[in-house]
Amino acid sequence: MNTARRIATCFRPSPVSQASNRQRTPRRVARLALVAMLAAGLLLGGCKPPKKGTAALPERPTYIREATDQEAAANDAGTSGTATAGTAPPDTGTSAANPAVPDLVVAPDSMATNRQSDPAPQPQDRASAPVGELVELSDGTSIEAPTRPQDQFAFAMALLQGADGQPDPARAATWLEKAAAQDFGPAQDVLARLYLDGTGVRKDEAKAFALAMSAAEQDIINAQALVGVLYTYGRGTRRDFMQGEKWLSLAAERGHPQACDLLAEYHRKGLAGPENQQEAFRWTERAAAPGVVRARFWLGVHYRYAMGTPRDDAKALHLLREAADAGNPDAMGLVAEMLYRGRGSEPDMANSVRYFQMGAKAGDLHSLLNLGILHHEGTGVPKDYPRSLQLFGQCAEGGHPRCMTLLGSMLAEGEGAEADMVAAHSWLTRAVLFGDGDAAPVGAEVQQRMTPDQLVHSKNMAAQWMQAHPQFQPGVPAQLEPEASPAVPQATPGAAPGAATGGMTDMPATPTESNTTGTSDASAVATPQVSSNATAPAAQTGKTGKAGTTTAHPAKKKNTKAAKPTRTTN
């Protein structure tokens, strides 16, 4: 205490007036007392801060960080010093520069020998980790298992996108199930799509529909569009076009592009009411604006055939060419036809043939038909009957009735191959069943040159082909007219050359053109789901066959045989 008193005397105030001294005395005394206490503490070695790590640690670490090299070196130096001297090192200024390593810091490898090794961690099932525990990732790190549905959904989406290495749909589905069980709409929507496709889970369309409906009722726009699609195609539930239109409309009104596209198909084909090409065009335009490829193709079709909008060949050619260059086979055939006829641009035979060849390579029936006609007539390409026969055969196998007629006609005449009356009559019979009325008179002519055994063989071939191709349904159930056998069919007055005999028709085979808004026939344009490249069935008449079904009107016939017409193209 004597030392403290001496230090205190150094701060003795200078003489001042008595009045001033009375005012400052209490404050000065307190200051001197504080200085004296600090000095005494330094001299006596007291008031040291507690060591780190003595307080109770939290039940679960809230953070983990790597120890720096500087901290590791300081810890090693402190350990060696303690082992050598046997006592704690003196407190110097260097201790402030190298603080003690906190308990929460992961010990570096150099300290592994200075502590007892931990037991090896037991492997755990990542997907079935209980909520609230740590989930191990592929890189060896761990994160706390999410408990909120939003966090579980975000973790599942990260797994789907491959954030933990490779995409893991099975593991993601587990977390989506947890979030969906808490009625979290976005998780139900994504999980429904996994069940619909069988990705990461066992395929279950009924469960997919239930999940999608639950999410749609929570006003999730993607789920509303999905419910509309499921009702449209009858997946996981009964097919119901009225319900499909309802849910698609809800999503389309909010700007869902795919919902707008499918809703346009509803109006275009009259699935839930009368056809309305104006509404179909409006929704197609909305779907095409954000870049839906299928919608841009159909928008070109609307402009090409004046469906719900004034005809505009320039816009149609631009949109269809864009779709064709993107790989749409149907667009390839339509672009080739427009370039051949000079619609929307000057006639361009070279590019027309190029697009027909692209479409034929992609399997477009429209392109196969017309490229076969060009090779048969030698227009824009070398005249080549075998190539023409090959193209017609490929097109006929795809279910195109006009190609069946042309193939049967070439086989009967021996063009491109030896004449084969049995095969010719078989294809002509199928063409009649699929609704090409021009095949009936040609088939009757071929039938006159066949024996009864050949006729039976021909019908058996047709029946076997129909059984082997159940995906093709006849457009007009009809049979060859029995009264057509005695006479040779003749061309209808005013008809295109070759029409009655199944020859080359006016090229190419496209939907009937009309300048009247909303009245065009676009049945020859295929949709992505169901190919409808085949030409539309022949116009129906009031004539009823023996079986009670309406038959196609046969070509008019005369009693005298006329010369065989020449196959030509425009």
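In this predicted model, helix α8 crosses helix α9 in a left-handed manner. The contact draws on F209, A212, M213, A215 and A216 from α8, and on A223, Q224, L226, V227, L230 and Y231 from α9. By class, these contact residues comprise ten nonpolar, one polar and no charged. Helix α8 covers residues 205-216 and helix α9 covers residues 221-233; the angle between them is about 140°, and their axes lie 8 Å apart. Because angles over 145 degrees are needed for a roughly antiparallel arrangement, the angle of about 140° makes α8 oblique to α9.

Several residues of this helix pair also belong to a nonpolar core. A core of 33 residues includes A212, A223, V227 and Y231, and these four residues are also named in the contact of α8 with α9. This core lies apart from the largest nonpolar core, which has 77 residues. Within the largest core, the residues that touch the most other members are F297, V301 and F392. The greatest contribution to the largest core comes from helix α15 (residues 329-341), which supplies eight residues.

Backbone geometry in two loops also deserves attention. Most residues other than glycine have a negative phi. D219, which is not a glycine, nevertheless has a positive phi of about 70°, and D219 sits in the loop that links α8 and α9. A306, likewise a residue other than glycine, has a positive phi near 55°. The loop that holds A306 runs between α13 (293-304) and α14 (313-325). The burial of the two residues is as follows: D219 is partly exposed, with a relative accessible area of 46%, whereas A306 is buried, with a relative accessible area of 1%.

| Residue | Phi | Relative accessible area |
|---|---|---|
| D219 | about 70° | 46% |
| A306 | near 55° | 1% |

Turning to the whole protein, the fold contains 22 helices and four strands. Of its 570 residues, 39% are buried. Among contacts between residues at least 6 apart in sequence, 57% join residues at least 24 apart.

In summary, the α8 and α9 helices pack with their axes 8 Å apart in a left-handed crossing, and D219 occupies the loop between them. Residues of the contact, among them A212 and V227, are also members of the core of 33 residues.

Terms used:
Residues numbered from 1 in each chain as written. Predicted model: local features only at pLDDT ≥ 70, side-chain atom pairs only at ≥ 80, totals over all residues. Heavy atoms only, no water. Axes fitted to C-alpha atoms, helices over the stretch in contact; angles between N-to-C directions. Parallel < 35°, antiparallel > 145°, perpendicular 65-115°, else oblique. Left-handed = near helix turned anticlockwise from the far one by under 90°. Contact = heavy atoms within 4.5 Å. Nonpolar A, V, L, I, M, F, W, Y, C, P; charged D, E, K, R; others polar. Core = buried A, V, L, I, M, F, W, Y, C linked by side-chain atoms within 4.5 Å. Buried < 20%, exposed > 50% of the residue type's maximum accessible area, 1.4 Å probe, protein only.
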